[in-house]
Amino acid sequence: VQLMESGGGLVQPGGSLRLSCAPSGFTLDYYAIGWFRQAPGKAREGASCISSSGESTNYRDSVKGRFTVSKDKAKNTVYLQMDNLKPEDTGVYYCAALNTYVTGPSYCSLALEYDYWGQGTQITVSP
């Protein structure tokens, strides 16, 4: 069971990036996906999440209106569209999968309670 993030890189302030999260070995039909980030010297924090149904999403306040999480069921992939990026968005971004058999298809969380984690992709926002 693996998760693979892609799409990171270097971008100027105000720019955009789109991250992808694709699993290997399982379908996302029964998993919520969270996007987390960790800046140097700081704790990992939840940025956004989407439920297994794709109908529920959540964002931390600092990214609301700039980040959009979505799910393509046909491609078994979750995306994080990040617009108007700021230097404080710099960090390693991880996607994580949470089995929602117990919590239900409308659940997702920004807490660090996920079952599987990707290895992360670096995003640097700098002039």
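User: Let's start with S8: is this strand mostly covered or mostly open, and how many of its residues are buried?
Analyst: Keep in mind that this is a predicted model. Buried here means under 20% relative accessible area. By that cut-off S8 comes out mostly covered, and of its six residues the number buried is five.

User: Which strand pairs with S8 over six bridges, and in what sense?
Analyst: S8 has pairing with S3, antiparallel over five bridges, so that one doesn't fit the count, since two strands pair if there are at least two bridges between them and we want six. The six bridges running antiparallel belong to S8 and its partner S7.

User: Where does Leu-80 sit, and is it buried or exposed?
Analyst: Leu-80 is placed in strand S8. Its relative accessible area is 0%. Anything under 20% goes in the buried class, so Leu-80 is buried.

User: Which residues are the bridge partners of Leu-80?
Analyst: Take the two pairings in turn. S3 and S8 pair in the antiparallel sense, and Leu-19 has Leu-80 as its bridge partner in S8. S7 and S8 are also joined, running antiparallel, and there Leu-80 is the bridge partner of Val-69. The names you want are Leu-19 and Val-69.

User: How far apart are the C-alpha atoms of Leu-80 and Leu-17?
Analyst: Leaving aside neighbours within four places in sequence, the contacts of Leu-80 include Leu-17, Trp-35 and Phe-67. Along the chain, Leu-80 and Leu-17 are 63 residues apart, yet their C-alpha atoms are separated by 8.2 Å.

User: In the hairpin of S7 and S8, which residue takes a positive phi?
Analyst: The hairpin has four residues between the strands. The positive phi, near 55°, belongs to Asn-76.

User: Which residues touch the most other members of the largest nonpolar core?
Analyst: That core has 24 residues. Strands S3, S4, S7, S8, S9 and S11 each supply at least two of them. A second, separate core of seven residues includes Ala-32, Phe-36, Cys-49 and Cys-108. Back in the largest one, those touching the most other members are Ile-33, Trp-35, Phe-67, Val-78 and Met-82.

User: What is Ile-33 in contact with, beyond its neighbours within four places in sequence?
Analyst: Ile-33 is one of the residues with the most partners inside the largest core. Leaving those sequence neighbours aside, its contacts are Cys-21, Leu-28, Ser-48, Cys-49, Ile-50, Val-78, Cys-95, Ala-96, Ala-97 and Tyr-114.

User: Over to Thr-121: how far is the backbone nitrogen of Gly-8 from a polar atom of its side chain?
Analyst: Thr-121 lies in strand S11, and at 12% relative accessibility it counts as buried. Gly-8 is among the residues Thr-121 touches, as are Glu-5, Leu-19 and Tyr-93. From the backbone nitrogen of Gly-8 to a polar atom of the Thr-121 side chain, the distance is 3.4 Å.

User: Which residues does Val-63 touch, not counting those up to four places away in sequence?
Analyst: Val-63 is in the loop between strand S6 and strand S7. With a relative accessible area of 0%, Val-63 is buried. Its contacts on that basis are Arg-37 and Ala-47.

User: How many residues apart are Asp-89 and Arg-37, which form a salt bridge?
Analyst: The closest N and O atoms of Asp-89 and Arg-37 are 2.8 Å apart, and both residues are buried. Asp-89 is in the loop between S8 and S9, whereas Arg-37 is in strand S4. The pair links distant parts of the chain, and the gap is 52 residues.

User: Is Asp-61, the salt-bridge partner of Lys-64, buried or exposed?
Analyst: The closest N and O atoms of this pair are 3.1 Å apart. Lys-64 counts as partly exposed at 47% relative accessibility. Asp-61 has 63%, and the cut-off for exposed is over 50%, so Asp-61 is exposed.

User: Which residues are joined into one network by salt bridges that share partners?
Analyst: Arg-66 forms a salt bridge with Asp-89, their closest N and O atoms being 2.7 Å apart. Arg-66 is in the loop between S6 and S7 and Asp-89 in the loop between S8 and S9, so this pair ties together parts 23 residues apart in sequence. Asp-89 also bridges to Arg-37. The full network is Arg-37, Glu-45, Arg-60, Arg-66 and Asp-89.

Methods. Residues numbered from 1 in each chain as written. Predicted model: local features only at pLDDT ≥ 70, side-chain atom pairs only at ≥ 80, totals over all residues. Heavy atoms only, no water. Buried < 20%, exposed > 50% of the residue type's maximum accessible area, 1.4 Å probe, protein only. Polar contact = N/O pair within 3.5 Å; in protein donor to acceptor, adjacent residues only side chain to side chain. Contact = heavy atoms within 4.5 Å. Core = buried A, V, L, I, M, F, W, Y, C linked by side-chain atoms within 4.5 Å. Salt bridge = Lys/Arg side-chain N within 4 Å of Asp/Glu carboxyl O.
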